[in-house]
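Subject: Structure for your files

Hello,

Here is the structure I said I would pass on. Please open it alongside this email, as the notes below refer to it throughout.

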Amino acid sequence: MFAGKRLSKELAKMQGHLPPGITFAKSDNLEEWQMDIRVLDDNPLYQNQIYRLKFTFSQKYPIEPPEVQFISLPASHETPRPIPIHPHIYSNGIICLDLLSTAGWSPVQTVESVCMSIQSMLTANTRDERPPGDSDFVSYNKRRPRDINFQYDDDNV
Amino acid sequence: MNLEELLLVESSCTDDEIVDLRALDYVSGYDTHLMCPICHCALIRPVRLQCDHVFCQKCLSSAVTSSSSTDDFTCPTCRTPTQTVYTDVPRLLINMCDDLRVKCPFLAEGCMEVMARGHVESHVDKYCGYKLLDCPSETCDKKTRKKDLDSDGKCVHELLQCSHCEEEVMEQDYEDHLNKSCLRFETMCPHCQVMTLQKDLGDHIDICPDAIHSCTASKYGCPVKIKRADIAMHEQACPLIAMGPYFEAQNSRLNSLELTMRHLQQRNEIFEDGFANIRSTLVDASRVLPGQNNRDLPAEGPPGSSDSQEMSNDGSSQSNNPTTYLLFLHESLREEVGQLSHAITDLDARASMAIMNECLRIKEDMAHTNTAVNSIRMQVQWLMNPRLHQGQRTSNVRTNDTNDSGTGQLGSSTASTTSASPISGPSNTSRPGLRPRRLSDSAREGTKL
């Protein structure tokens, strides 16, 4: 539908002005973007780290949510990108955030607003831990993030 | 309407769009408030939710379609549960969106038109010559521009062989081919008679040595027009070219002077306006002030002669001595206040006199009424007397009381109208039949009668 049109509009707007701590890493096509985000305050968990988010857009964006997850680049890479530690982020980069599920998504969200949500989700966190059952989830999950039925039971973080 | 109706309306009107307004190329940016938060285009057929958030009708209906059920649909912006869609979006919003300048959707075909978005549909429908239409020939499935369409319905997509380069081109592109891309079609330069390719003719004329060219000083009046090859020689000798830089400098000076002149003129106009304003306020002021004096004069009345003299002095001296004038004004106002207080006391006295008179009259009336009432009471008493006597006589028969003293007492009490108490002493308990009569007797006349 109008996914391409809408994405190119978003791209044009964001190239003019990006919120602090958010930069483009890759946006050469209209199916997959990569964004680098950085936590703005001095939260010791994420200090001096840059994380990379991968957005995958379907043809029905923005009616359907994009798939958003962290990706890691090895430490040997010229721009190493780890997966941030957070009780809602699995070590394979999958983010448990209701905003990104089909139920919690709203078509008025943009790449920019999603980035800012994740940024503030990291900023507010104080717990140095992975979600419960992280290793099982990481080794057995073959589903796409959008289809996983997360239980959004923690409103604190 | 509710959400189901919205979906119905939307599905029924998806096909009849002439132009996809979302695909339009906007000439300038637009305010983000005019932007549908879903498609990020300027709002197209906007609809409003209860929470006052506005979306394109199409965007909202696709958001509704994607939600799990229409019953728990929430506003995409604020997540307020909503069931009703309003089409009465403020006219202002629609007008602002329809007023945005867009390029014709057939820009790629060559239409350079720029128009308000609200006019795109009619432009494309009726006026745009570059609109692509189906070829009139039934066997041909290509599109053709509206302006290229022959009235006789001939297909212009048949391939013609170029007479020069043997390339096959479609009829509609034939002229373009000759003028721009044919590699064989040669034509003669009108100046130097050299054969060149038609597509290069323009470039050739720019450099052709035989093309007639005017002297670069022609703008300063050099009338010479000669071939390009000779122009260099002429320019060396042309006196006007030598003076060129001087002319340039003069021109720029003239321009700057003109500019400053215009500035000064504008300032001058502003000053003139200001002067006119000041003058008019002055005239108004001088007209108002003497007018006040004249109005004061007849109201002054008795104090007369000295004041009027002062006034005439005042008229002449007011402009140079405003304090005197103000003092005079103060004085006259004080007098006026004095007069007013006089008038008020006078009115007061008159009012109290009138009230007194009224009071007297009413008092007299009351006295008259009193006497009339008294006489009526006496007559009633007189009429009642025989019955009283009768009653007393019968009781006297029963109690053997003295008849004379009872009647005598009754008579005196009625005549004096002071009190009926003497009769109550002996007969109060023994004669219940007389009780109501005695009540009316003993009561004061004003109230009971």
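What follows is a short account of what was found, chain A before chain B. Please keep in mind that this is a predicted model.

Chain A

Chain A holds three helices and four strands. Along the sequence these elements come in the pattern α-β-β-β-β-α-α, so to speak of a "strand region" here is to speak of the stretch after the opening helix. Of the 157 residues in chain A, 28% are buried. Taking the contacts in chain A between residues at least 6 apart in sequence, 58% join residues at least 24 apart.

Strand β2(A), residues 32-38, pairs with two other strands, β1(A) and β3(A). With strand β1(A), residues 22-26, the pairing is antiparallel and runs over four bridges. A hairpin of five residues connects β1(A) to β2(A), and within this pair A:K26 is found opposite A:Q34. With strand β3(A), residues 50-56, the pairing is again antiparallel, here over seven bridges. In that pair, A:R38 of β2(A) is opposite A:I50.

Which residues of β2(A) lie on its covered face, and which on its uncovered one? The covered face consists of A:W33, A:M35 and A:I37. The uncovered face carries A:E32, A:Q34, A:D36 and A:R38. Two residues of the uncovered face have already come up: A:Q34 as the partner opposite A:K26, and A:R38 as the one opposite A:I50.

Chain B

Chain B contains an open sheet of three strands in the order β2-β1-β3, with antiparallel pairing. Its edge strands are β2(B), residues 54-56, and β3(B), residues 85-86, each of which pairs on one side only. Strand β1(B), residues 46-49, is joined to β3(B) by two bridges in the antiparallel sense. One bridge pairs B:L49 with B:V85 of β3(B).

Helix α2(B), residues 57-66, lies across β1, β2 and β3 of chain B. Relative to β2(B), this helix runs at about 90°.

Where the chains meet

How many residues of each chain are in contact with the other? Twelve residues of chain B contact eleven residues of chain A. On the chain B side, the residues touching chain A are six nonpolar, four polar and two charged.

Regards

Definitions and conventions. Residues are numbered from 1 along each chain as its sequence is written. Chains are lettered from A and ligands numbered from 1 in the order in which they are written. This is a predicted model: local features need pLDDT of at least 70, side-chain atom pairs count only at pLDDT 80 or more; totals for chains, interfaces and linings use all residues. Two strands pair if DSSP finds at least two bridges between them. Two residues are in contact if their C-beta atoms, placed from the backbone, lie within 7 Å. Axes are lines fitted to C-alpha atoms, for helices over the stretch in contact, and angles run from 0 to 180 degrees between N-to-C directions. Ala, Val, Leu, Ile, Met, Phe, Trp, Tyr, Cys and Pro count as nonpolar, Asp, Glu, Lys and Arg as charged, and the others, Gly among them, as polar. A residue is buried if 20 or more other C-beta atoms lie within 10 Å of its own, exposed if 12 or fewer, and partly exposed in between; C-beta atoms are placed from the backbone.
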